[in-house]
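Q: I am new to this structure and would like a close look at a single part of it. Could you walk me through one strand and its surroundings, and then show me how that part fits into the whole?

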Amino acid sequence: MFADIPESTKPDMTVPESLQLELERRIIDPTQFSADRSAFVDIDLPRSSGKTSFSFIGAGVTQNEEATTNIVEPHGFCVGAAGLQPGMVNNAHLHYTAEVFVCLSGQWKMMVGRYNEQVLSIGPGDIFSVPTWVFRSFENVGSDEGFLFTFLGGDDPGGIIWSPDVLREARATGLVLNETEKVVRLADLSNGERTLLPLSEEVAARVESYSDDEIASRLIRFDSRRWQDGALLSSMIGPNTVEVAPVIGTGLNQHRRAFSEILYPHGFSVNWIRLAAGSSLGLHRLAVPAVLLTMFSEVEVEFGEDELVRKRVVPGSVVSLPAGTWRNIRTSGVDPAEIIVAVLGDGRVPIAWAPDVQRLARQNGFTVDAGGCIAETALVDRQFGRP
Ligand SMILES: [Fe+2]
């Protein structure tokens, strides 16, 4: 039943003591969000005072010694968020690994380059991947509190490099970074303790810049998503209706003509998945970790192979989907659902479908070929007869 996953990467088959508890532990709904108002050195700048940061999966790049993380288990990438009131700014910094913003709410001005060489507006449902090694900052330009989910590449993204202006301004507010790059008050420094120096102008000038077209191509707007039908075996079981709108990499997509809106390697894939009312993703498991963002939809998540446990998950939640666990995602009530699933790795991820999904799809004439793509059984199944 793990036929398409190499022996060496088969996950631990141990069934958790209580699958229900395991499921509940992995659902982070907005009531469990822990706002960190001291995550970064720029928190006392008047334009940034009160900004909140969140570490849901993996610690990310927080500079707060006492930051809390909902799930510390490594997923191969980190999931966090920023929450800003209208007019607040998150200041210019850069990352070594991918940083992808998924807008849950608010209207945002996203600025790329130390001198804001590119400025883009994003709103709810828009996904923007900023290249590595370029300064980025953002401002809530709407009239309500805004919330941006962030995916960061790697279990340890390696911290951030601040624009030198930001470090100088922060120092004027009395905040600096110590030798472990945690935020400390100048007044609390011990004698002789060293602090992080801003990059020199000469070095900062060597940080990369990008063209307008390159930056624009990394924004996938909510209203310009391109949906693919027949991209998951479960969509071949009528009347189950599942569609995939690719965003980053390939990930959960079994369409032979799967495309990626954003092709640059991120180390993880991101896809929108749309379930018609009453439909489900289909019982399956992966050999790699994945993360679900419920975004604007309420769904039901099920864990288990024969005996399923189930929990309703409200909009705006983050759900850790561990490697090796059988699971399904269903619509809740009478509404359709549009969710985001991120999976470790850039390429097409092998999906182990439950025997029932395989059987029902086969009844409709479809299977998965050796390349991991949906194919007609009439073409895949060789027919033999006497000459
Ligand atoms: Fe960032």
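A: Strand β4 (77-84) pairs with strand β11 (residues 146-153) in the antiparallel sense, over 8 bridges. Strands here are DSSP runs of E at least two residues long, helices are runs of H or I of at least four, and both are numbered from the N terminus. Two strands count as paired if DSSP finds at least two bridges between them. Within this pairing, Val79 stands opposite Phe151 in β11.

Before going further, please note that this is a predicted model: local features need pLDDT of at least 70 and side-chain atom pairs count only at pLDDT 80 or more, while totals for chains, interfaces and linings use all residues. Residues are numbered from 1 along each chain as its sequence is written.

β4 also pairs with strand β2 (residues 52-57), again in the antiparallel sense, over 5 bridges. There, Ser53 has Ala82 of β4 as its bridge partner. In general, strands of a sheet pair through backbone hydrogen bonds, either parallel or antiparallel.

How enclosed is β4? Because 8 of the 8 residues of β4 are buried, the strand is largely enclosed by the rest of the structure. Buried means that 20 or more other C-beta atoms lie within 10 Å of a residue's own, exposed means 12 or fewer, and partly exposed is in between, with C-beta atoms placed from the backbone. Phe77, Val79, Ala81 and Gly83 point one way from β4, Cys78, Gly80, Ala82 and Leu84 point the other way, and all are buried. In a regular strand the side chains alternate between the two faces of the sheet.

Follow the chain out of β4 and you meet Gln85, in the loop between β4 and β5 (89-95). Gln85 is partly exposed because it has 15 other C-beta atoms within 10 Å. Leaving aside its neighbours within four places in sequence, Gln85 is in contact with Gly50, Asn140 and Glu145; contact means that the C-beta atoms, placed from the backbone, lie within 7 Å.

Now for the wider setting. The chain is divided into domain 1 (7-27 + 225-380) and domain 2 (33-220), with bounds that come from an automatic or database domain assignment. The contact between them takes 20 residues from domain 1 and 20 residues from domain 2. Strands β17, β18, β20 (290-293), β23 (318-321) and β25 (337-344) each supply at least two residues of the side of domain 1 that touches domain 2, and β25 gives the most, with 3 residues.

Val79 of β4 comes up once more here: leaving aside neighbours within four places in sequence, the contacts of Val291 include Val79, along with Ile57, His75 and Ala342 among others. Val291 is also among the residues with the most contacts inside the largest nonpolar core, which has 103 residues. Such a core is a set of buried Ala, Val, Leu, Ile, Met, Phe, Trp, Tyr and Cys residues joined through C-beta atoms within 7 Å. The largest share of this core, 7 residues, comes from β25. Both domains give residues to the core, so it lies between them.

To finish, look at the sheet that holds β25. It is an open sheet of 7 strands in the order β1-β23-β20-β25-β18-β17-β16, with antiparallel pairing. Its edge strands are β1 (27-28) and β16 (228-229), each pairing on one side only.

Technical notes:
Two residues are in contact if their C-beta atoms, placed from the backbone, lie within 7 Å.
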